[in-house]
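This briefing is intended for a reader who meets the structure for the first time. Its topics are enclosed spaces, metal sites, aromatic rings and the overall fold.

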Amino acid sequence: MESTTIINILAFLGTFIAMEGVAWSNHKYIMHGFLWSLHESHHKPRKGRFELNDFFFVFYASVAMVLMYFGYDNLDYRFWMGIGVTAYGFTYFLLHDVFIHRRGKFLDKIDNSYFQAMRKAHKVHHKKMGKEDGEEFGLLLFNKKHFRKQAE
Ligand SMILES: [Zn+2]
Ligand SMILES: [Zn+2]
């Protein structure tokens, strides 16, 4: 394999993995911080099809588009970082918005212990209606105590 191919694969995978950390810290320190006014809508029952919190998707999509724009000519590592951000955003949307918050029904049948535990962890995050003292700010990574106990 050419070294640029390896760099591009690492750029994609590294960005995807790093995005879980970015999403976690953004959620903990910014969304539950000075942008709580936007995120608050996500801790209240949704009134229509959209919520103010959806603004964050626009933000991540913009970051992805800027990266892809600058990396487009040679399809270099910046382009693949943009694809990584997009892939994470898409995964987040499917798991967080569709599977957990049921903005669509097509993932309802998933019965896999990892995804069930992820949903449980995120529900713990939503137990708090307020801005302070939250837990479980990530999505794909969470405390393993949320896994169903085996053979009880
Ligand atoms: Zn939150
Ligand atoms: Zn949520």
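The largest cavity of this predicted model is lined by Met118, Ala121, His122, Glu136, Gly138, Leu139, Leu141 and Phe142. A cavity here is a set of points on a 1 Å grid over the protein atoms alone where a 1.4 Å probe fits but cannot get out, and lining residues have an atom within 4 Å of a point. About 30 Å³ of space lies in the largest cavity, a volume being the space filled by probe spheres set on grid points joined across faces, edges and corners.

**Conventions**

- Residues are numbered from 1 along each chain as its sequence is written, while chains are lettered from A and ligands numbered from 1 in the order in which they are written.
- In this predicted model, local features need pLDDT of at least 70, side-chain atom pairs count only at pLDDT 80 or more, and totals for chains, interfaces and linings use all residues; side-chain values use heavy atoms, with hydrogens and water left out.

**Cavity and pockets**

- The count of cavities of 30 Å³ or more comes to one.
- Five nonpolar, two polar and one charged residues make up the lining of the largest cavity; Ala, Val, Leu, Ile, Met, Phe, Trp, Tyr, Cys and Pro count as nonpolar, Asp, Glu, Lys and Arg as charged, and the others, Gly among them, as polar.
- The largest pocket holds about 410 Å³ of space, a pocket being an open set of points with protein on both sides within 12 Å along at least five of seven lines.
- Its lining comprises 24 residues, of which Phe56, Phe57, Tyr60, Gly89 and Tyr92 are the closest to the centre of the pocket.
- The elements α1, α3 and α4 each give two or more residues to the lining of the largest pocket, and α4 gives the most, with eight residues.
- By class, the lining of the largest pocket has 14 nonpolar, nine polar and one charged residues.
- The second largest pocket has a volume of about 190 Å³, and its lining divides into two nonpolar, five polar and four charged residues.
- Among the residues that line the second largest pocket are His42, His43, His101 and His126.

**Zinc sites**

- The zinc ion (ligand 1) has as protein donors His27 (NE2), His32 (NE2), His39 (NE2), His43 (NE2) and His125 (NE2), lying 2.1 to 2.2 Å from the ion. Donors are N, O and S atoms within 2.8 Å of the metal (3.2 Å for Na, K and Ca); water is not among the atoms, so sites may look incomplete.
- The spacing of these donor residues in sequence is H-x4-H-x6-H-x3-H-x81-H. Distant parts of the chain are linked by histidine 43, in the loop between α2 and α3, and histidine 125, in helix α5 (residues 113-127), which are 82 residues apart.
- Histidine 43 counts as buried at 3% relative accessibility, and histidine 125 likewise at 1%. Buried means under 20% relative accessible area, exposed over 50%, and partly exposed in between (1.4 Å probe, protein chains only).
- The zinc ion (ligand 2) has as protein donors His42 (NE2), His96 (NE2), His101 (NE2), His122 (NE2) and His126 (NE2), at 2.0 to 2.3 Å.
- For the zinc ion (ligand 2), the donor spacing in sequence is H-x53-H-x4-H-x20-H-x3-H. Histidine 42, in the loop between α2 (36-39) and α3 (55-71), and histidine 96, in helix α4 (residues 77-100), link distant parts of the chain, 54 residues apart.
- Histidine 42 is buried at 8% relative accessibility, and histidine 96 is buried with a relative accessible area of 3%.

**Aromatic rings and a polar contact**

- The whole structure has 13 aromatic pairs. Rings of Phe, Tyr and Trp (its six-membered ring) pair if their centres lie within 6.5 Å; planes under 30 degrees apart count as stacked, over 60 as edge-to-face and the rest as tilted.
- The rings of phenylalanine 55 and phenylalanine 56 are edge-to-face, because their planes stand at 70°, with centres 5.7 Å apart.
- Phenylalanine 55 is partly exposed at 40% relative accessible area, whereas phenylalanine 56 is buried at 6%.
- One aromatic cluster is formed by Phe99, Tyr114, Phe115, Phe142 and Phe147.
- Asparagine 26 lies in helix α1 (residues 3-34) and is buried at 9% relative accessibility.
- The side chains of asparagine 26 and tyrosine 60 make a polar contact (2.5 Å). Such a contact is a pair of N or O atoms within 3.5 Å; within protein, one must be able to donate a hydrogen and the other to accept it, and residues adjacent in sequence count only if both atoms are side-chain atoms.

**Overall fold**

- The chain has five helices and zero strands; helices (H or I, at least four residues) and strands (E, at least two) are DSSP runs, numbered from the N terminus.
- Buried residues make up 37% of the 152 residues in the chain.
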